[in-house]
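Here is a friendly briefing to read alongside the sequence and the 3D view. Take a moment to turn the structure around, and then follow the topics below.

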Amino acid sequence: MVITGLHRLVNEKGGMLRGKRVGLVTHAAAVTPDLQAAPDALVESGVALRALFAPEHGLESAEADADPVAHSVHPRFSIPIYSLYGETRRPTPAMLNDLDVLVFDMQDVGARFYTYLSTLFHVLTAAGEFGLPVIVLDRPNPINGLAIEGPLLEPGFESFVGVAPLPVRHGMTMGELARWLNAECNLRADLTVIPMEGWRRAMWFDDTGLPWAPPSPAMPHVSTATVYPGACLVEGTTLSEGRGTALPFELIGAPWLDAYGLARSLNALGLSGVRFRPAQFIPSAGKHAGRLCQGVQVHVVDREALQPVRMGLHLVAACRTMAPGDFAFLPASWEGRAPHFDLLMGTSAPRAGLEAGASVAEIVALWRASEQEFHRQRAFALLYA
């Protein structure tokens, strides 16, 4: 079994926090191997926990995507739970004033636009400005630490679904990302990372021996995380990404599509590692809630061969071709600067290319060099072979 940073802190390095007033940034997926939540594990080990900080979806990972999270008080520990997804996305000086150290322990899914990476960025930024040390407890990248895919985020496309020039699939752990962000973005945080033991870059989450706890309501399984770097692109369109079903991001569709025709056209592409099954579904929430949608279920047949970002672009392109009068890219998002699809991609080039009639292959060719360059550029931050 892989040993996480939390396990190592509690069992090997408890002296680091002795006598210190501790704030913990965490959520429900940060658990021990026997499924004890991180706050409970720290308190039981004698840590003086003084405050908790909750990201998108809240401390219990139960709030819907994009719903604001309110400040509250922990029902058992009677300490404040400060929201980092409400009035502010960054810890304020008032939140940090009575603390000696911040501990960060969250399970990521390996995609740039999953917002826990953004929370990490803002925590490091605030801690650097305030002069408060940060300890990041590392956890696995569930979709392995080797694969890199997608364009780098370009200047002008920064948002809470993209805070730094990373590719969509970055192949890094939270601890490695903390090291990379702190250096590349000049955040000046007093950073310590407690690495895992036993994790290797080629591992997927189900290779680790660790239990999977959903880090957000629409991330129920490792299979969800596997397709998420590409299927999430559907969020920026009028297609349903399967929210409100048992298979979010694995079911894609809309009322105005032809399920059998869509599956046939996608399977004819011969995309590596994936097949598409015609599917009908009725989302209970999100886009097209309560309406019968025609679409596909994404079946991963070889996850090592799968290129999910390319797959997501092919999905979008095929749906746009099938129903040009109904398909649309959504307008400027809640971030207010660019279409949500562009913020997810980190650039307007893929959308502009599709609208101009470019093939997915032509669009992908635009970022191949940056993928290779990022592989070299991230090397200083890596902690595992």
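## A serine and its neighbours

Leaving aside residues up to four places away in sequence, Ser118 touches Ser159, Phe160, Val161, Gly162 and Val163. Please keep in mind that this is a predicted model. Ser118 belongs to helix H4, and its relative accessibility of 0% means that it counts as buried.

**Helix H4 against helix H5**

- The helix that holds Ser118 also has a helical partner: H4 (residues 116-130) packs with helix H5 (residues 174-184) at an angle of about 45°, and their axes are 10 Å apart.
- That angle makes H4 oblique to H5, because angles from 35 up to 65 degrees are neither roughly parallel nor roughly perpendicular.
- The two helices, H4 and H5, cross in a right-handed way.
- On the H4 side, the contact involves Tyr116, Leu117, Leu120, Phe121 and Leu124. They meet Met174, Leu177, Ala178 and Leu181 in H5.
- Sorted by class, the contact of H4 with H5 has 9 nonpolar residues, with no polar and no charged ones.

**Helix H6 against helix H8**

- Helix H6 (residues 222-231) packs with helix H8 (residues 308-322) at an angle of about 55°, with 6 Å between their axes.
- This angle makes H6 oblique to H8.
- The crossing of H6 and H8 is right-handed.
- H6 brings Thr226, Val227, Pro229, Gly230 and Ala231 to the contact, while H8 brings Pro308, Val309, Met311 and Gly312.
- What classes of residue make up the contact of H6 with H8? They divide into 6 nonpolar and 3 polar, with no charged residues.

**The sheet of S8, S10 and S9**

- Three strands form an open sheet in the order S8-S10-S9, and their pairing is antiparallel.
- Its edge strands are S8 (251-254) and S9 (274-281), each of which pairs on one side only.
- On average, and with direction ignored, neighbouring strands of this sheet are turned by 25° against each other.
- How many bridges pair S8 with S10? There are 4 bridges between S8 and strand S10 (residues 293-300), in the antiparallel sense.
- Two bridge partners can be picked out on S10: Leu251 is matched with Gln297, and Ala254 is matched with Gln294.
- Within S8, Leu251 and Gly253 point one way, whereas Ile252 and Ala254 point the other way. All of these residues are buried.

**Strands S1 and S2**

- Strand S1 (residues 21-26) and S2 run parallel, joined by 5 bridges.
- One residue pair to look at is Gly23, whose bridge partner in S2 is Ala51.
- Is strand S2 (residues 48-54) largely enclosed or largely open? It is largely enclosed by the rest of the structure, because 5 of its 7 residues are buried.

**The loop between S2 and S3**

- His57 lies in the loop between S2 and strand S3 (72-73), and Ala66 has its place in the loop between S2 and S3 as well.
- As background for backbone angles, most residues other than glycine have a negative phi.
- His57 is not a glycine, yet its phi is positive, at about 80°.
- Ala66, also not a glycine, has a positive phi of about 70°.
- Is His57 buried or exposed? His57 counts as buried, with 7% relative accessibility.
- Ala66 has a relative accessible area of 39%, so it is partly exposed.

**Glu87 in the loop between S4 and H3**

- Where does Glu87 sit? Its place is in the loop between strand S4 (80-83) and helix H3 (93-96).
- Glu87 has a relative accessible area of 76% and is therefore exposed.
- Glu87 and Val69 are 18 residues apart along the chain, and their C-alpha atoms are separated by 8.6 Å.

Conventions
Residues are numbered from 1 along each chain as its sequence is written. This is a predicted model: local features need pLDDT of at least 70, side-chain atom pairs count only at pLDDT 80 or more; totals for chains, interfaces and linings use all residues. Side-chain values use heavy atoms; hydrogens and water are left out. Two strands pair if DSSP finds at least two bridges between them. Axes are lines fitted to C-alpha atoms, for helices over the stretch in contact, and angles run from 0 to 180 degrees between N-to-C directions. Angles under 35 degrees count as roughly parallel, over 145 as roughly antiparallel, 65 to 115 as roughly perpendicular and the rest as oblique. A crossing is left-handed if the near helix is turned anticlockwise from the far one by less than a right angle, and right-handed if clockwise. Contact means heavy atoms within 4.5 Å. Ala, Val, Leu, Ile, Met, Phe, Trp, Tyr, Cys and Pro count as nonpolar, Asp, Glu, Lys and Arg as charged, and the others, Gly among them, as polar. Buried means under 20% relative accessible area, exposed over 50%, partly exposed in between (1.4 Å probe, protein chains only).
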